[in-house]
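Q: I am new to this structure and would like a close look at a single part of it. Please take me through the place where the two chains meet, with the terms explained as they come up.

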Amino acid sequence: MPGKLKVKIVAGRHLPVMDRASDLTDAFVEVKFGNTTFKTDVYLKSLNPQWNSEWFKFEVDDEDLQDEPLQITVLDHDTYSANDAIGKVYIDIDPLLYSEAATVISGWFPIYDTIHGIRGEINVVVKVDLFNDLNRFRQSSCGVKFFCTTSIPKCYRAVIIHGFVEELVVNEDPEYQWIDRIRTPRASNEARQRLISLMSGELQRKIGLKVLEMRGNAVVGYLQCFDLEGESGLVVRAIGTACTLDKLSSPAAFLPACNSPSKEMKESPLVHPPSHGCRSTHNSPIHTATGSRLTQNFSVSVPTLIYTGMGSGSAGKEGGPFKALLRQQTQSALEQREFPFFTLTAFPPGFLVHVGGVVSARSVKLLDRIHNPDEPETRDAWWAEIRQEIKSHAKALGCHAVVGYSESTSICEEVCILSASGTAAVLNPRFLQDGTVEGCLEQRLEENLPTRCGFCHIPYDELNMPFPAHLTYCYNCRKQKVPDVLFTTIDLPTDATVIGKGCLIQARLCRLKKKAQAEANATAISNLLPFMEYEVHTQLMNKLKLKGMNALFGLRIQITVGENMLMGLASATGVYLAALPTPGGIQIAGKTPNDGSYEQHISHMQKKINDTIAKNKELYEINPPEISEEIIGSPIPEPRQRSRLLRSQSESSDEVTELDLSHGKKDAFVLEIDDTDAMEDVHSLLTDVPPPSGFYSCNTEIMPGINNWTSEIQMFTSVRVIRLSSLNLTNQALNKNFNDLCENLLKSLYFKLRSMIPCCLCHVNFTVSLPEDELIQVTVTAVAITFDKNQALQTTKTPVEKSLQRASTDNEELLQFPLELCSDSLPSHPFPPAKEHLESASSNSGIPAAQRATSVDYSSFADRCSSWIELIKLKAQTIRRGSIKTTVTVEKASPVGDGNFRNRSAPPCANSTVGVVKMTPLSFIPGAKITKYLGIINMFFIRETTSLREEGGVSGFLHAFIAEVFAMVRAHVAALGGNAVVSYIMKQCVFMENPNKNQAQCLINVSGDAVVFVRESDLEVVSSQQPTINCQSSCTEGEVTT
Amino acid sequence: MTSELDIFVGNTTLIDEDVYRLWLDGYSVTDAVALRVRSGILEQTGATAAVLQSDTMDHYRTFHMLERLLHAPPKLLHQLIFQIPPSRQALLIERYYAFDEAFVREVLGKKLSKGTKKDLDDISTKTGITLKSCRRQFDNFKRVFKVVEEMRGSLVDNIQQHFLLSDRLARDYAAIVFFANNRFETGKKKLQYLSFGDFAFCAELMIQNWTLGAVGEAPTDPDSQMDDMDMDLDKEFLQDLKELKVLVADKDLLDLHKSLVCTALRGKLGVFSEMEANFKNLSRGLVNVATKLTHNKDVRDLFVDLVEKFVEPCRSDHWPLSDVRFFLNQYSASVHSLDGFRHQALWDRYMGTLRGCLLRLYHD
């Protein structure tokens, strides 16, 4: 009995009229946790009841505290018939279980009904008393903090970044149980909401346990998803990055609720298991096709096809002995079963050494009913297989880790595409196990400014390249080699030098597919996938060239499967990295050069393309400094294959020499127009309109090239569904429709937000789904942030920029006096690797030796990996928590201790208006400082209607629902004492309609981190006013708290 | 390719003031889009008509959802569904309750009932205001009326508290409610030259001086207090006004009054001779209006009477406004020198308000 949950129901307001006769309501409340239920008195005849109940106390296990949501039901009392439900509130009490997060949940919650939407509000106070539990074999993981943010949260410092954690749980979907035929839609929806809430609680607890096993205390970049597999069940899965975090500015105060990882670590540093998620196996009979790699930086997995008859079926039948075998193998294979994956997209400076490129893997599976929910190994195996593939792709790129890692699924009927992608990278091993992250970081910044181009340098062996690439010497340091184009799934590193501004680049693609059943369908899909990947990549590359840029960040490729088509949507932020070579232009080549008019047409197109490139360069302010050939030095010997985008490579070589390459000696991409298809492609390239002036857009956290943000932000979600007319279903028509849909959506956004100009749409996140045969649904969530156009960059230097500037000046010096700097830097390395002498010749690049050691000159892979693991083991023994310097962080440390203050602009009891809660998909709030993380928000809602027309049709229905979801998120954050949600994401928005029956249903899943932020301008004032504000925050609505 | 569904939801609800105005003015989405196109917005922003259509639809949907809350503005402040900055909330409310001069002149003083609502079609045709907008304005009047009807205390304060309107707008609504409650006739041809502002001015004076709330007869006896403090004229006061009859019925008093006024104004008035000749008629008119106010019918005709008995005669003699002011001041003040007249306080309460009203009503 390690916990006591206390709940008090204070009052209700704006309740709906339940008794038509009196126009009033006789409301009472049921409070349920687990199997215990309490009731308040009936408050007669009021729409604003004041129950002011006693404290309802639940004595529960902490395991239940983590799994179960608190369920509050508001009902209308009826003497003669059954009581009518008004609505429910589910409260996740998880935030109350960490010592540093919220201490009380108190506030007005919207009362939600799955049929009627929000029906009034209820004021609730929730507290938890946790008792210390000494049981070592407990199943709970209270105290492990969860963050959706995919970088180290702002007021924490990473002591150790342990690595990948994953888990999944499965269950039957209540919507598909037999009982659903006899119960009401409301009951069915509520059963589903409750189940998912329970499952995600359980999932989080299990992940927490894994983190504790790894001696971590937090999960960063936590991403939880639902797979609605229909008949075959419901899967809730999550991935994240286990870390040991330390709160900044109060290092001594930190202790997790139930465990003390640091202490145990000192006692047994070697047991640190580097591997996790070992339940999965490779042993299931899986048919794997061999992969072929396409174009540079981009290794595409060929989809794997699994036939259910042999796959999950056999696993189910052979049950016992098979499992035993699995366990055995799992044991023995533990050492190799490691997934060095990180869900983070932004890192502490110095963490990222080199970036190889994007790795992705997809596989097509046929869904089968999950026979035993307690043994979800089929799904586990599927994912393990994909992760293995990702890992091997990363290895092929000469990288030992994958960062910016994410997983997704697309399900249509019984076919499921599993996708995983990430960026192969070489990491600085010290960050993974070393306690002195800040220490060595500081050193590096102080004495040995890193080349900000380091991450661009190729991690793979030049002579043994995994794919044809065109290498040059780095344009920044001129010592190391860089590829001509770089694709990544991560955010732009803060220390990277970018020329000009970035922009959102999208590749969009549709492919028709025949309707088919089961295996035939899966085969058809897996046959199409490689072509789609290839074309998406081609489009991305062309558009990137057209923008005059040379790198993509935040790349996310989504492939969606529908009944009769496949959709591909790739979004990324293009930038011009100073370290990479200037991109060549795009060259158009005709197939029949003798035809005069045709050639005219070609040259016309060529001119248009050239104009567009020139215009884009101007628009995005890309003016790289002219570098004469002598400085660069002789170019690297021509690789065997030049990277070109060719429809047919064989014919082009002659033409290339003939044509006047307007972009000088730079290699131009040749687009050959040999059929109408290609023509379409070229046209579609030119149809993308740049955003109107004053607007920028990107899908990364921040816009490269803009940093003078002002404080106005507007987060929004926009949804569009189009119906295709079935007559014109050709690939071209489809592509055009899809392209128009996306372009029009963007145009609409620019128009709607025009009052915010100059502004930037950040973290633009497109999701495509195919709810029905001829329907395409696109959901966009993004945030518009204003920035100050006039304020010169120099006047708004943040510490980062300052250090950047300093870095750039220092770097020039570094180039002039390489030897001096080199000799300076060498002794400062606490960790001189044995191989150093090998690189001493090229060490004037300024890369710390430790970094070089892991990044250069590896002939053998196994060697590298093992040495890396050695390093980890070595470092695990030398963790010292006390000696950490905390001075060098991006933000200045908070002058106030544990932030107890809330946004002063909206004290809840000063006037009775609702306090403002900001929402943003970013991990920060411009112009403000996050002082406290209150826990994650992870909410799942279902809304259904049987009166679609009356609610304003599909648009009215969904508009109201999304507004309600926002309202409920805000209410929960406010009740936790927060004033913002960061890293907000709408993970799912499943919309189904049946206009003939006047019905519609929608499922939405959102998550984010509830935080307290303080405006930077208010910081000083607040610290002096802290006591009063603290009082305000605890007396929301007067007499609520004790 | 047809758009089945197209929505945009911001964490902070986007309000486009121009679209809000079009919505309030009762334009359909199609008309609103056409009007927006005409405003040149496409050229300014480089948007397409489709974008404009989608944007307009979105805003209309939002406004439609907000409308329910606007019916009870305090709800808008406390609701959680739409996050709207306070200044924007105020704007939404203020604009929603704003009304057209042309419309209000049509319904001012009419009973806010179903019958009147049926006439809205005609009003719409006559004023060129869309029927939808007429309905909204009418419903606003009616809603405010219903809420404050049974309430005690200051009319303006009640309206402000329950509808969160600006001071100016709350005063206007007080006038509308006051007129609707007392059913003052404002539609006669004679009164067409008067603006809503003129009537609102008079209403305010009357609320301040002629109602129960005015004399501060606060809830001494709450049970018997059936009349609304600010909405109904003080019955006792109206009864007492009969006592003023003596001013015109007693010939000596009337002559004395006239000589006092004439002596004081001789040489100061451009229209002195006309005044002298008309004094008895004007005085009879003003006093008779007072004595008749016990009848509901005559209360309703108050403005008609004032215009007929005072404004029109003066206007036909081309009195300048300054002379009217001189005359009315002297006319009211001189009564204090009439020794035989005992109802000085009553006279001041009546004439003080009437003087203000007449001066406002006296224009072309």
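A: Helices (H or I, at least four residues) and strands (E, at least two) are here DSSP runs, numbered from the N terminus. This is a predicted model, in which local features need pLDDT of at least 70 and side-chain atom pairs count only at pLDDT 80 or more, while totals for chains, interfaces and linings use all residues. Residues are numbered from 1 along each chain as its sequence is written, chains are lettered from A and ligands numbered from 1 in the order in which they are written, and side-chain values use heavy atoms, with hydrogens and water left out.

With contact taken as heavy atoms within 4.5 Å, the meeting of the two chains involves 49 residues from chain A and 35 residues from chain B. The size of an interface is often given as the accessible area lost when the parts come together. Buried area in this sense is the accessible area, found with a 1.4 Å probe, that two parts lose on being put together, summed over both. Between chain A and chain B about 3,900 Å² is buried, and carbon and sulfur atoms give 60% of that area. On the side of chain A, the residues A:Phe751, A:Lys752 and A:His959 supply 21% of the area that this chain buries against chain B, more than any other three residues.

The next matter is polar and charged pairing. A polar contact is a pair of N or O atoms within 3.5 Å, where, within protein, one must be able to donate a hydrogen and the other to accept it, and where residues adjacent in sequence count only if both atoms are side-chain atoms. Across the interface of chain A and chain B, 24 residue pairs are in polar contact, with both residues at pLDDT 80 or more. Strand E27 (709-723), helix H13 (731-752) and helix H19 (953-975) are among the elements of chain A that each supply at least two residues of the side touching chain B. The largest share of that side, 13 residues, comes from H19(A). If Ala, Val, Leu, Ile, Met, Phe, Trp, Tyr, Cys and Pro count as nonpolar, Asp, Glu, Lys and Arg as charged, and the others, Gly among them, as polar, then the side of chain A that touches chain B divides into 25 nonpolar, twelve polar and twelve charged residues.

Side chains of opposite charge can pair when their charged atoms come close. A salt bridge is a side-chain nitrogen of Lys or Arg within 4 Å of a carboxyl oxygen of Asp or Glu, and five of them are found across the interface of chain A and chain B, while a search of the whole structure finds 48 over all chains. One of these pairs is B:Glu4 with A:Arg723, whose closest N and O atoms are 3.2 Å apart. B:Asp55 forms a salt bridge with A:Lys752, the closest N and O atoms being 2.7 Å apart. Because B:Asp55 lies in helix H4 (residues 49-70) of chain B and A:Lys752 in helix H13 of chain A, this pair joins two chains.

One further detail concerns the loop between H13 and strand E28 (759-769) of chain A, where A:Pro758 has its place. A cis peptide bond, with omega about 0°, joins A:Ile757 and A:Pro758. Most residues other than glycine have a negative phi, and most peptide bonds are trans.
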